[in-house]
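Colleague: I have a model open and would like a close look at the empty space inside it. Could you take me through that, then carry on to whatever else deserves a look?

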Amino acid sequence: MGHATRTGDGWLTGTTVVLAPEGGAIAAVDVRGGGPGTKETDALDPRNLVQKVEAVVLTGGSAYGLDSASGVMAWLEDRGRGVLVGTDPAHVVPVVPAACVFDLGRGGDFRARPDASTGRAAVEAADASEPGEPVREGCVGAGTGAVVGRLKGGVGTASAVLESGITVGALVVANAAGSVTDPETGALYGELLSRRVEYPSPAVHEAARARLAEAAARNAPPPLNTTLAVVATDADLTRAQAQKLAGTAHDGIARAVRPVHLLNDGDTVFALATGARPLAAENPLALNEILAAGADLVTRAIVRAVRAAVPVDGPGGLWPSYEELYREPPLGDCPGSVT
């Protein structure tokens with residue numbers, strides 16, 4: 001995967017691309033937010049023609065930012081990757097599903113949003129990345145202008161190798177209208193069921209609430225917001241099984257963000273399966289461990305996104321970060337941040 005990040009001079013946005021292996025991957029989607037912004041999601045319905053996709057695009061810029069998928073399509077066409085629609089191998093149509101988050105104006109300029117060139121930069125970064133290379137998290141790519149409730153959001157990832165040897169990974173753009181913190185304690189919802197939950201002291205929590213009230217007074221009410229996720233596995237899944245994975249992964253959002261799936265959310269989860277490892281044929285419930293892992297990893301990825309984010313204080317608004325408010329001393333900035 002790769003990011004393209006734009007900051008400064010009114011910009012606070014970007015695009016993230018998940019690039020499938022050559023030949024594509026089985027793909028599915030589950031959209032549960034009441035205000036989604038998407039492209040080519042109908043093509044992923046198991047009843048329809050397209051079997052595999054070459055890339056998935058997550059982008060800022062609301063519906064305008066979906067133009068970034070055009071840059072990804074052009075890059076794929078140049079390499080002959082896509083659905084063959086003629087006798088000439090160059091005659092392909094890349095199917096590139098995309099979903100957007102609302103971050104318009106958060107850098108100060110409402111018209112500063114991703115376009116085809118941003119998408120092309122992101123897919124080039126994805127192509128240049130090496131297998132197993134660490135993924136940049138926080139204020140990068142589609143998470144550059146992300147906000148979670150009154151806090152700064154961003155990109156987070158998590159992965160696991162299951163007992164079967166199958167790998168599952170999750171990439172999340174946390175930009176939710178709901179909150180990720182317990183209002184009584186300041187603890188992250190996504191950590192409440194883990195052994196790593198951290199409860200801030202009452203004094204720190206009270207200071208954080210005062211800072212958040214200051215930010216709320218300065219900023220406009222949260223507009224359209226969305227949590228996006230891509231859950232990928234090397235398992236050999238059918239399109240129907242991939243759709244089930246996309247659906248259950250939404251449980252991971254619900255554990256980390258409250259409330260979710262509102263009318264002003266566009267919560268969308270994509271699932272990708274490369275087919276390298278078969279499911280155990282003798283076990284009709286072999287998919288269950290992948291389903292459970294997908295939801296857990298989405299929760300972990302949201303927590304990582306929030307913890308990796310850094311504060312933004314600029315012409316478009318003030319959004320403190322969780323680490324700024326609840327950890328002493330605060331962590332350093334991440335690449336692509338604006339402070």
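How much space lies in the largest cavity?

Modeller: Keep in mind as we go that this is a predicted model. The largest cavity holds about 40 Å³ of space, and the structure has one cavity of 30 Å³ or more. Its lining is made by Gly10, Leu12, Asp103, Leu104, Gly105, Arg106, Gly107, Asp109 and Ala112. Rolling a probe the size of a water molecule over the atoms is what shows where empty space is left.

Go one residue back from Gly10 and you reach Asp9, which sits in the loop between E1 and E2. Asp9 is worth a click: its phi is near 55 degrees, a positive value in a residue other than glycine. Asp9 is also exposed, because its relative accessible area is 79%. Ser62 makes a good partner for that look, since phi of Ser62 is near 55 degrees too, again positive in a residue other than glycine. You'll find Ser62 in the loop between strand E6 (55-59) and helix H1 (68-78). Ser62, though, counts as buried, because its relative accessibility is 15%. While you're checking the backbone, look at the peptide bond from Arg258 to Pro259: that one is cis, with omega near -10 degrees. Pro259 belongs to the loop between helix H4 (239-256) and E15.

Now for the open space. The largest pocket has a volume of about 1,200 Å³. Its lining takes in 35 residues, and Met1, Val18, Gly132, Glu133 and Val135 are the ones nearest its centre. Strand E1 (2-8), strand E2 (11-19), H2, strand E12 (154-161), strand E13 (167-175), strand E14 (226-235) and strand E15 (268-277) are the elements that give two or more residues to that lining. E13 gives the most, with five residues. Ala174 is in strand E13 as well, and Ala174 counts as buried because its relative accessible area is just 2%. From Ala174 to Ala187 you move 13 residues in sequence and 17 Å in space, C-alpha to C-alpha.

H2 takes us to the charged pairs. A search of the whole structure turns up 12 salt bridges. One of them joins Glu124 to Arg120, with the closest N and O atoms 3.5 Å apart. Both residues lie in helix H2 (residues 116-128), four residues apart, or about one turn of the helix. Glu124 is partly exposed because its relative accessibility is 40%, and Arg120 is partly exposed as well, at 26%.

Arg304 and Glu137 also form a salt bridge, and there the closest N and O atoms are 2.7 Å apart. This pair links distant parts of the chain: Arg304 is in helix H5 (residues 288-308), while Glu137 is in the loop between H2 and strand E10 (147-148), 167 residues away. The two ends differ in cover, too: Arg304 counts as partly exposed because its relative accessibility is 41%, whereas Glu137 counts as buried because its value is 15%.

Stay on H5 for another bridge, where the side chains of Arg307 and Glu323 meet at 2.6 Å, N to O. Here as well the pair links distant parts of the chain, with Arg307 in helix H5 and Glu323 in helix H6 (residues 322-326), 16 residues apart. Arg307 and Glu323 are both buried. If you'd rather see a network of salt bridges, pick out Glu22, Glu54 and Arg81.

On to the cysteines. The disulfide count comes to zero. Cys100 is in no disulfide, and the nearest cysteine sulfur, that of Cys139, is 19 Å away. Cys100 is buried because its relative accessible area is 6%, and Cys139 is buried because its value is 1%.

To finish on the surface, Val83, Val85 and Val93 make a nonpolar patch of about 220 Å². Val85 lies in the loop between strand E7 (83-84) and strand E8 (92-93). Val85 counts as exposed because its relative accessible area is 56%.

How values were computed: Residues numbered from 1 in each chain as written. Predicted model: local features only at pLDDT ≥ 70, side-chain atom pairs only at ≥ 80, totals over all residues. Heavy atoms only, no water. Patch = residues over 30% accessible without salt bridge, like charges linked within 9 Å, V, L, I, M, F, W, Y side chains within 5 Å. Areas by Shrake-Rupley, 256 points an atom, 1.4 Å probe, with all protein chains shown as cover. Salt bridge = Lys/Arg side-chain N within 4 Å of Asp/Glu carboxyl O. Buried < 20%, exposed > 50% of the residue type's maximum accessible area, 1.4 Å probe, protein only. Disulfide = S-S within 2.5 Å. 1 Å grid on protein atoms, 1.4 Å probe; cavity = no way out; pocket = protein on both sides within 12 Å on 5 of 7 lines; lining within 4 Å. Points joined across faces, edges and corners; volume = space filled by probe spheres on them.
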